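Hi,

Here's the structure I said I'd pass along. Have a look at it first, and my notes follow underneath.

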Amino acid sequence: MLEEAKARALLARYEQLVEEARGVAVRAGRSPDAVKVVAVSKTEGLEVIARASAVGIHEFGENRPDDLVLKQGRYPLEHWHFIGNIQSRRIKDIVGRACLIHSVDRVSLFERINARAEELDIVQDILLEVNVSGEESKSGFEPGQVEEALEQALSYGSIRVKGLMTMAPQAEDAVVRACFKGLRELKNELASKFGDAVDLCELSCGMSMDFAIGIEEGATIIRVGRRIFSEDFAGVSN
Ligand SMILES: *Cc1c(COP(=O)(O)O)cnc(C)c1O
């Protein structure tokens with residue numbers, strides 16, 4: 001395919017996704033602008049980032065520090081979200097490059113994130129990843145640990161917790177919905193407990209297969225990869 005045709009196809013997939021997301025939000029009684037789409041570009045090279053940027057996609061999600069360093073370095077004006085596993089020795093590469101780190105899954109990361117943010121003289125926005133479904137294979141705080149984690153995060157001046165993130169199990173819709181609903185309820189509970197001490201405004205939940213359920217359950221950010229970037233992604237979300 002010619003570059004022009006590839007760009008047109010990418011834009012069409014993106015626009016369709018955005019339209020669907022806005023429609024779901026409205027039908028759920030929410031504002032069509034309530035949900036931000038993060039285009040998960042983790043499997044894509046620089047050429048595709050360039051194409052995406054050219055057609056107007058400006059929020060990207062990466063799950064490997066090396067890719068974040070490379071792509072953010074080349075396209076520093078785009079917004080980069082870090083959504084992957086965090087090794088503490090790579091924190092120096094993530095903080096500052098990511099506008100939002102979605103995947104903070106243990107208290108021991110706070111110290112280093114905070115120290116690096118201080119070094120850069122920034123406040124790093126983060127989300128706490130929660131293992132709502134309780135699957136052993138998933139990372140994240142147990143729901144019962146999040147309050148204590150948030151309490152601790154508050155003592156670091158260069159970290160700002162903006163909300164919660166989760167990944168649903170690959171399961172039937174009812175199970176996915178229960179997971180996202182659990183995340184929302186936990187956020188609301190914490191928001192009322194902590195009051196003005198925190199501004200928990202973000203819920204990052206929903207991917208290619210389950211973003212509609214995420215939006216119905218209150219997602220403010222959906223992280224979508226294959227539905228945007230794959231030419232032959234067959235998954236149809238409800
Ligand atoms: C890969 C990934 C996504 C996107 O998944 P798709 O099914 O391609 O939409 C979202 N969130 C995280 C944490 C991921 O690793």
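To start at the ligand: which atom of the ligand is 2.8 Å from an N or O atom in the side chain of arginine 226? In this predicted model, that partner is an oxygen atom of the ligand. Glycine 225 comes in with its backbone instead: one of its backbone N or O atoms sits 2.8 Å from a ligand oxygen. Then there's serine 208, which has a polar side-chain atom 2.5 Å from an oxygen atom of the ligand. As for how covered the ligand is, on its own it would expose 390 Å², and the protein buries 90% of that.

Now the wider surroundings. Besides Ser208, Gly225 and Arg226, the residues around the ligand include Val40, Lys42, Ile83, Met167, Met207, Arg223 and Val224. Sorted by class, that shell comes out as five nonpolar, two polar and three charged residues. If you're browsing the pockets, the ligand takes up the space of the largest one.

Something else to look at is the aromatics. The structure has two aromatic pairs, and one of them is phenylalanine 60 with tryptophan 80. Their ring centres are 5.0 Å apart and the planes meet at 25 degrees, so this pair counts as stacked. It also ties together distant parts of the chain, 20 residues apart: phenylalanine 60 belongs to strand β2 (residues 59-62), while tryptophan 80 belongs to strand β3 (residues 79-82).

Cheers

How values were computed: Residues are numbered from 1 along each chain as its sequence is written. This is a predicted model: local features need pLDDT of at least 70, side-chain atom pairs count only at pLDDT 80 or more; totals for chains, interfaces and linings use all residues. Side-chain values use heavy atoms; hydrogens and water are left out. A residue is near a molecule or strand if one of its heavy atoms lies within 4 Å of it. A polar contact is a pair of N or O atoms within 3.5 Å; within protein, one must be able to donate a hydrogen and the other to accept it, and residues adjacent in sequence count only if both atoms are side-chain atoms. Accessible areas come from the Shrake-Rupley method with a 1.4 Å probe; for residues, only the protein chains shown count as cover. On a 1 Å grid over the protein atoms alone, a cavity is a set of points where a 1.4 Å probe fits but cannot get out, and a pocket is an open set with protein on both sides within 12 Å along at least five of seven lines; lining residues have an atom within 4 Å of a point. A molecule sits in a cavity or pocket if more than half of its atoms lie within 2 Å of its grid points. Ala, Val, Leu, Ile, Met, Phe, Trp, Tyr, Cys and Pro count as nonpolar, Asp, Glu, Lys and Arg as charged, and the others, Gly among them, as polar. Rings of Phe, Tyr and Trp (its six-membered ring) pair if their centres lie within 6.5 Å; planes under 30 degrees apart count as stacked, over 60 as edge-to-face and the rest as tilted. Helices (H or I, at least four residues) and strands (E, at least two) are DSSP runs, numbered from the N terminus.
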